[in-house]
Amino acid sequence: MLATDLGAPTSLVLQRLKDLRVRQYWDPGHSLAQRLSADAQPAQPKQHCCEQKGILWDLAAVYPPGELWTDRVPAAVYFDGPVVKQQAGLEEALQPEKP
Amino acid sequence: MACCLPFGFAAAAGATGLSVVLAPLRPWMLAISGALLIFGLWQLYYRKAACRRRSRLTQAIFWVCAALVLAMVLMPQVVASLLADHLPSGLFSYNAPKGQPPLADLDSRSLARLQAEFNEARDEYRLIALLSPT
C-alpha cells in the first residue's frame, strides 16, 4: 500500500521477525487483507484506521485460544493499527484471561 | 542537463540499478534510463550551443552510465549477480530467519496452509499482522 511496496520483502526485512513461531507471507494481491475484511464479524472491534481503497493494511489482529478458522475467519478480540502504535493494546490483548 | 547536470546520467544508471531490485518496474526503469541517456546524448553532442561546459568528466560520466544501462539491458542476470556479490547480503535475497519456513507467496494454496496452521495452534493466541514489505 506504500509506493515502495513493489516486491517481496528481502532478507533484511524478513530477519526483523526472528521468532520461530512466526510465518511470513508475501501477499501481493492482498488476498488475506481482503479475506479479513470480508469476514469481519460484528463481535470484532472496528479498526480506527488502516483501510485504503477497501483494502486493510498495517494492521494487527489477535485471535484468542479456541477460535477456529472454518469457512470464515473468526472474530478477532483485537483488530487495529497502525501496527507500530499497537504495542500496549496488543500486550493487553495477549494477556491470558483471568479466571 | 548534459553540461550542467551530469547527475542526469547518474539518474539513468540509478534507475537501471533500481530495476534490479524492483523487478516489476524493470521495463519502466529501463525506459526512463534510455530516455535520459538519449536526451543527454542529444544535448551533449548535437545541441552544442546549449552545452558550453562540455567537459571530459561529463562525457566520461555519460559513457560509463550508458555502458551500465546497456549491460543491464543485455545481461541483466550478470549485472544482478555482480551487484549481489558487492552489495550487503540480504538486499537481493528472500530468506526468512533460520528455523522459520521460507517466505511464501500468498495464493489459494498457501492461504489454505495458513488456515491450517492457524487452526493447529488453536490452543494459543494467534496474531496476524499485515505489514508493508518495506
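## Two chains joined by strands and a shared core

In this predicted model, the residue A:Val62 has A:Tyr78, which lies in β5(A), as its bridge partner. That pair belongs to a wider connection, since strand β4 of chain A, residues 59-63, is joined to β5(A) by three bridges, and the two strands run antiparallel.

### A sheet built from both chains

The pairing continues into the other chain, for three strands form an open sheet in the order β5(A)-β4(A)-β2(B), with antiparallel pairing. The edges are taken by β5 (78-80) of chain A and β2 (126-130) of chain B, each of which pairs on one side only. On average, and with direction ignored, neighbouring strands of this sheet are turned by 10° against each other. As background, strands of a sheet pair through backbone hydrogen bonds, and they do this in either a parallel or an antiparallel manner.

The parallel manner can be found here as well: strand β1 of chain A, residues 25-26, pairs with β1(B) in the parallel sense over two bridges. Within this pairing, A:Tyr25 stands opposite B:Ala104 of β1(B).

### Where the chains touch

The contact between the chains involves 40 residues of chain B and 40 residues of chain A. On the side of chain B that touches chain A, at least two residues each come from β1 (104-105), α5 (108-120) and β2 of chain B, and the largest share, seven residues, comes from α5(B). Sorted by kind, the residues on this side of chain B are 24 nonpolar, ten polar and six charged.

Chain B itself has five helices and two strands, which follow one another along the sequence in the pattern α-α-α-α-β-α-β. Of its 134 residues, 20% count as buried. Among the contacts in chain B with a separation of 6 or more, 61% are between residues 24 or more positions apart.

### The nonpolar cores

In soluble globular proteins, nonpolar side chains tend to be buried together. The largest nonpolar core of this model has 16 residues, and those with the most contacts inside it include A:Leu56, A:Val62, A:Tyr78 and B:Leu130. At least two residues of this core are supplied by each of α2 (31-38), β4 and β5 of chain A, while β4(A) gives the largest share, five residues. B:Leu130 reaches across to the other chain, being in contact with A:Ala33, A:Leu56, A:Trp57, A:Asp58 and A:Leu59 when its neighbours within four places in sequence are left aside. A second, separate core has nine residues, including B:Leu37, B:Leu68, B:Val69 and B:Met72.

### Unusual backbone angles

Most residues other than glycine have a negative phi, and most peptide bonds are trans. Against that background, the table lists two residues of chain A with a positive phi.

| Residue | Phi | Place in chain A |
|---|---|---|
| A:His30 | about 55° | loop between β1 and α2 |
| A:Cys50 | near 70° | loop between α2 and β2 (51-52) |

Are these two residues buried or exposed? A:His30 counts as partly exposed because it has 18 C-beta neighbours inside 10 Å, and A:Cys50 also counts as partly exposed because it has 19 such neighbours inside 10 Å, whereas a residue is buried only from 20 upwards.

The backbone of chain A also holds a cis peptide bond, which joins A:Gly81 and A:Pro82 and has an omega of about -5°. A:Pro82 is placed in the loop between β5 and α3 (87-93) of chain A.

Conventions. Residues are numbered from 1 along each chain as its sequence is written. Chains are lettered from A and ligands numbered from 1 in the order in which they are written. This is a predicted model: local features need pLDDT of at least 70, side-chain atom pairs count only at pLDDT 80 or more; totals for chains, interfaces and linings use all residues. Two strands pair if DSSP finds at least two bridges between them. Helices (H or I, at least four residues) and strands (E, at least two) are DSSP runs, numbered from the N terminus. Axes are lines fitted to C-alpha atoms, for helices over the stretch in contact, and angles run from 0 to 180 degrees between N-to-C directions. Two residues are in contact if their C-beta atoms, placed from the backbone, lie within 7 Å. Ala, Val, Leu, Ile, Met, Phe, Trp, Tyr, Cys and Pro count as nonpolar, Asp, Glu, Lys and Arg as charged, and the others, Gly among them, as polar. A residue is buried if 20 or more other C-beta atoms lie within 10 Å of its own, exposed if 12 or fewer, and partly exposed in between; C-beta atoms are placed from the backbone. A nonpolar core is a set of buried Ala, Val, Leu, Ile, Met, Phe, Trp, Tyr and Cys residues joined through C-beta atoms within 7 Å.
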